[in-house]
Every structure is written in structure tokens, then in C-alpha cells.
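Please lead me through this structure, beginning with a single loop residue and working outwards to the sheets and helices around it.

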Amino acid sequence: MYSLAVPANIGLSLLPAAVSESCRKPHVLSVSGSDSGGGAGMQADIKACGALGVYCSAAITAITAQNTTGVQGIQVTPENIFAMQLQSVLSDMEVDVVKTGMLPTVQIIDILRSQLESYPVKGLVVDPVLIASSGDCLTSHEVADMLCKRLLPLADIVTPNLTEAAVLSGKSRVCTLLDMQEAAKIIKDFGPRYVLVKGGHLQDISEANVDLLYDGETFYDFHGTRVETLNTHGTGCTLASCIAAEMAKGVQIPEAVKAAKGYIQAALEHSKNMKIGKGPHGPLNHFFAFPEYSKIRRHHLFKASDLRLYAVTDSGMNKRWQRSTAEAVRSAIEGGATIVQLREKEAESSDFFKEAVACIEVARKSGVPLVINDRLDIAMACGADGVHLGQSDLPVREARMLLGLDKIIGVSCKTVEQVQKAYEDGANYVGCGGVYPTNTKRNNRTIGLEGLYAICSASPLPVVAIGGINEFNAEEVLRDRPSTLHGIAVVSALFDKPVVCKATQVLAGKISEFFHR
Ligand SMILES: Cc1ncc(COP(=O)(O)OP(=O)(O)O)c(N)n1
Ligand SMILES: Cc1nc(C(=O)O)sc1CCOP(=O)(O)O
Ligand SMILES: [Mg+2]
């Protein structure tokens, strides 16, 4: 319940206008068929563009029923809705590059051509999808003919594989480097700026994986290393989408091809052991370069029970006992700390950042959340689980906007009004104190147990008590605790001790009984 305390009006609408201005994304419109298996077609295009940081919109030309064994069915998109998809996107969304895949009928090609004439774009990449990697035929010769005559004259690059190069060039077969060159010359005459003939299946194994790019004068060859894998379904769509994505970023075509080949090579390497489907045409893993979001994200959103034994570090104390903050954090977690706050009042930013990175590594291993005291910049830079803010720090509302909804924000409060405001502004919990006098924080006002309980009774947020709490008085704080008091936060009781792990265990033992009743 508490994690829902963020007011509804804290969201994207509050982001400064400048953010949207400066964040225009390169944009590829994919005009292709949907692959129910997710390996090729539209699905591959969207994933490839996404992986390269490019926005991808979609005009679906056909719905195919496919899996890793082949193509089971095709339904062509009705012409009126196909035209509408193009019109909707092209009239509104500042498309940089159009990338085509499966174009199943001559009508679909005609509609696309006339829309491109009404809404010119910076680039057109044509992947002449005529035959699926399973060998299934996806279009007719009439369509191939139309593609050559109506679309290739507008294309910046066309990317046939060997079979497609044979169909487009009218050659009976293309299976050597010489055949590829001849086919490229014939296809170039239809009018595209570049022809890329993909040699993935060349007969001569020494030449396999050579792709030839032809600009009308020069042949450029691009070599790849063969990856032994069945997961190659969608590599053609992915290569063309990557070229389109790079072009949308403003990259010239030869460099775009090089970058796209590099991406395919890496994707094949990272997909070779992936097991999806029973058939021989498995898909690629496009997101090999991304850490899985669920792994970089906290495993769970903030829970009030995280506050039970809240360890707040003090590097002065830890130095006195000759240990690094990361070592101290490791020991506190081993001893039973349920959340850690890095509190550095004197450190330089660069030292604080380095220390935070080391401590997060320690905390992540055990799933214990780690927040940064005062410094939102450090919290964001090191990917901490959140921040703890005082009354004179950055306002909670601004911090919440910058951190997003998944991160923890704690706020120090000494009055009911402060707690109410923290709640309204989107905090997850409040720290209340000083419960007792403390030597750790100078000039700290003591509010006593009564002050703490008064705040707890009125608080819509979970509360953690702080200030002068130790193994001898923890029981007094928790014995008659209000239901909103979820734990104690301590500094010297853990970190001004020779053995942090032992001190934490002792305190954890003292407080455990109050949370199981
Ligand atoms: C859990 C917790 N509660 C309170 C504080 C005190 O924060 P603040 O008032 O901002 O004082 P400093 O710690 O920044 O000196 C806290 N750090 N943690
Ligand atoms: C950091 C801090 N904040 C306080 C508050 O009252 O808000 S008291 C405090 C210091 C707590 O240290 P120790 O556990 O060593 O007394
Ligand atoms: Mg502070």
C-alpha cells in the first residue's frame, strides 16, 4: 500500500518541456509482415531498431502464421487499412527512413509508392523478402517484377540474398562471387543507389559470409565469420533494419552496412545456444547488449519491512576501526541489516561515487536495498536504490520526478506537517528523530519517544526511528510501537564497534521479537 503513495500528478506531464525537445529519436518506419513466431518480419525490425536506439513504427502488410518450422499461413492486410497505417504514421511522426520487408501484392507496392511520393523520407531500404529462410515462398513473380519497376527506383539500398538476387536479376542461379557481381549490376539498373547482395549461403565455403555492396562503380566486400547455429531466422530482416536504423541516425550507407554486419555477427554469437521452438529456424536474441531490466532493477519495490534494521554508515567511524565503508556494509548485511544508507558528510563527490559503486556491488549480492544520504546526483549516477533527503535538501517532488517511481525516497521529519508533506510529494518512508540525544549528528534536536510516537500515529507512511538508539534502548523504542513504526536506524551502534557483523547480530536479536508478534 505504501509504495502507491506517490500522488497521481507526478508523472511525465511534469517533465520539463526541454526534455522532449532534445530527445527526438531517429525514426524507422517498418513496412513488413507480422511473424507470429517473433523471429522475423515486423517483430525483428522493431527489436533491431530498439536495440540500436532507434524508434520503429509499423505498417503491417500481411499477418503470417509462422514458427521455427516454417510458414503455416498468410493473410494479406486489406488495402484500405494498409494505406491508412502509412498515412497515419507518415503524416504525423517525422519518419527518417522507411524499411520494407514482405510486400505480398502489387496493390500493396502501389499504395506504398504513392504514399512515399506524398510523404518523401530521407531514406528507403528495400529488403526484397521473396522467400522465407525456411524455403517457403512469400510472394509471386509478378510481385517481384513490380518491386523492381516501382520500388527499386526510389530505393537507397536493396538487400537481396542469393535466391532473391537470382529472382530480381533474372539469372537462373547466383552461387559464386562472380554471379553476385553480375546480379548486383543487373539489379542496380532498376535504379537503387546501392545493391547489397548477401552471400550467406555461397557454395564455396571460403567465400561464405561475404556480402557485396555495389554503388554502380565499385564493389565493396564485407566479411563475417560463420557462426554455427540454427538460430538464423530473421537475420535478413534484422540486417536491413539495422542499415535503416543507422541511416536514420545519419550514417552513410557503406558505414551503415558495416555497423549492421557487426550487430548481426554479435547477435548470432549471443543467440547460438538459445532454445526457442522445436524447429530448425530459431530466432535471434536482439538484446544481447542490454542487462536484463529485471536484474538491474531492484528485485522488489520498497517494502516497509526493509526498515527493520536500518544501517547508516559513517566513514569517520569506519576509518577509526581501519575498514573501508564497503567492508563495513558487507559486515552489517551479514549481521542482519535490512537496508543501508551511505551517509558521507565530508567526502569529495568523486570519492563518494567510487565508494557508492563498491557498496552497491556488495548490497546487490544480498538483495538488500542501498540508498544515498542527501545526494540525489550520486544516487542517480551510481544506480542506487534511492535517496534519503533532509528538510533542507532537494525537494522530494523534484527528486521523485528525476528518480522515477521504482526508487526509494526517504525523508527526515520531526513534525506531523513534514510527514504529511513528504507523503504528498511522493516519499516512501520517513526517518524520525532524534529519539535520544546523539553524538553522531551535531546540534540535532531530540524529539523523544513521545515525539516519535505522535508522528507515527499521524503518519500515512512507514516510519523508522533514529538518534541515539542502541542495543540497550532498542527494546524501549519498539515495545509499544505504533503500527507505522517499522524499524530502527542506527549509526554508532553498528559502525563505532570493532566487529560490525557481531554488533548488527546483537541488535537484530534484540529487535526480532517485536516484529513477529
Ligand atoms: C533514516 C534516516 N533518518 C534521518 C536522517 C537524517 O537526515 P538529515 O536530517 O538530512 O540529516 P543528515 O543525515 O543528512 O545529517 C537520516 N540520515 N536517515
Ligand atoms: C543521521 C541522524 N539523523 C538524526 C535525526 O534525528 O534525524 S539522528 C542521526 C544520527 C544517528 O546516529 P546514532 O545512531 O549514532 O545516534
Ligand atoms: Mg540530509
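**From one loop residue to the whole chain**

Val499 counts as partly exposed, because its relative accessibility is 49%, a value that falls between the limits of under 20% for buried and over 50% for exposed. The model in which this residue is seen is a predicted one. Val499 sits in the loop that lies between helix H19 (492–495) and H20. In sequence it is 178 residues away from Trp321, yet the C-alpha atoms of Val499 and Trp321 are 8.8 Å apart in space.

The chain as a whole gives the setting for such a pair. It contains 20 helices and 17 strands, and 51% of its 517 residues count as buried. Among contacts in the protein chain with a separation of 6 or more, 67% are between residues 24 or more positions apart. The accessible surface of the protein chain amounts to about 23,500 Å², and carbon and sulfur atoms account for 54% of that area.

Helix H20 can be followed next. Two packed helices are described by the angle between their axes and the distance between the axes. For helix H12 (residues 325–335) and helix H20 (residues 500–512), the angle is about 30° and the axes are 7 Å apart, and the crossing of H12 and H20 is right-handed. On the H12 side the contact is made by Ala328, Ser331, Ala332, Glu334 and Gly335, while H20 contributes Val500, Cys501, Thr504, Gln505 and Ala508. Sorted by class, the residues in the contact of H12 with H20 are five nonpolar, four polar and one charged.

The strands of this part of the chain form a barrel, in which eight strands close in the order S10-S11-S12-S13-S14-S15-S16-S17 with parallel pairing. From one strand to the next, the twist averages 25°. H20 packs on this sheet and touches strand S10 (309–312) and S17, its direction making about 150° with that of S10. Within the barrel, strand S12 (residues 370–373) and strand S13 (residues 386–389) run parallel and are joined by three bridges, and Asn373 stands opposite His388 in S13.

Asp374 belongs to the loop between S12 and helix H14 (376–382). Most residues other than glycine have a negative phi, and most peptide bonds are trans. Asp374, although not a glycine, has a positive phi of about 70°, and it counts as partly exposed because its relative accessibility is 22%. A departure of another kind is found at Gly433 and Gly434, which are joined by a cis peptide bond with omega of about -5°; Gly434 is placed in the loop between S15 and H17.

Helix H17 (residues 448–458) has a set of buried residues, namely Gly448, Leu449, Gly451, Leu452, Tyr453, Ile455 and Cys456. The elements that cover them include strand S14 (408–413), helix H16 (416–425), strand S15 (429–433), strand S16 (463–466), helix H18 (474–479) and strand S17 (485–490). An α-helix has 3.6 residues a turn, so residues three or four places apart point the same way.

Elsewhere in the chain there is an open sheet of nine strands, ordered S3-S2-S1-S4-S5-S6-S7-S8-S9 and with mixed pairing. Strand S3 (70–76) and strand S9 (219–223) are its edge strands, each of which pairs on one side only. At the S3 edge, strand S2 (residues 55–67) pairs with S3 in the antiparallel sense over six bridges, and the two strands form a hairpin with two residues between them. Asn67 stands opposite Gly70 in S3, and the bridge partner of Ala65 in S3 is Gly73.

Helices also accompany this open sheet. Helix H9 (residues 253–271) lies across strand S6 (157–158), strand S7 (194–198), strand S8 (210–214) and S9, and runs at about 15° to S9. In helix H2 (residues 41–51) the buried residues include Gly41, Met42, Ala44, Asp45, Ala48, Cys49 and Ala51, and their cover includes strand S1 (27–35), S2, strand S4 (97–100), helix H8 (235–248) and H9. After H2 comes Gly53, which has a positive phi near 75°.

A positive phi is also found at Glu94, where it is about 50° although Glu94 is not a glycine. Glu94 lies in the loop between helix H3 (79–92) and S4, and it counts as exposed because its relative accessibility is 55%.

Key. Residues are numbered from 1 along each chain as its sequence is written. Chains are lettered from A and ligands numbered from 1 in the order in which they are written. This is a predicted model: local features need pLDDT of at least 70, side-chain atom pairs count only at pLDDT 80 or more; totals for chains, interfaces and linings use all residues. Side-chain values use heavy atoms; hydrogens and water are left out. Axes are lines fitted to C-alpha atoms, for helices over the stretch in contact, and angles run from 0 to 180 degrees between N-to-C directions. Helices (H or I, at least four residues) and strands (E, at least two) are DSSP runs, numbered from the N terminus. A crossing is left-handed if the near helix is turned anticlockwise from the far one by less than a right angle, and right-handed if clockwise. Contact means heavy atoms within 4.5 Å. Ala, Val, Leu, Ile, Met, Phe, Trp, Tyr, Cys and Pro count as nonpolar, Asp, Glu, Lys and Arg as charged, and the others, Gly among them, as polar. Two strands pair if DSSP finds at least two bridges between them. Buried means under 20% relative accessible area, exposed over 50%, partly exposed in between (1.4 Å probe, protein chains only). Accessible areas come from the Shrake-Rupley method with a 1.4 Å probe; for residues, only the protein chains shown count as cover.
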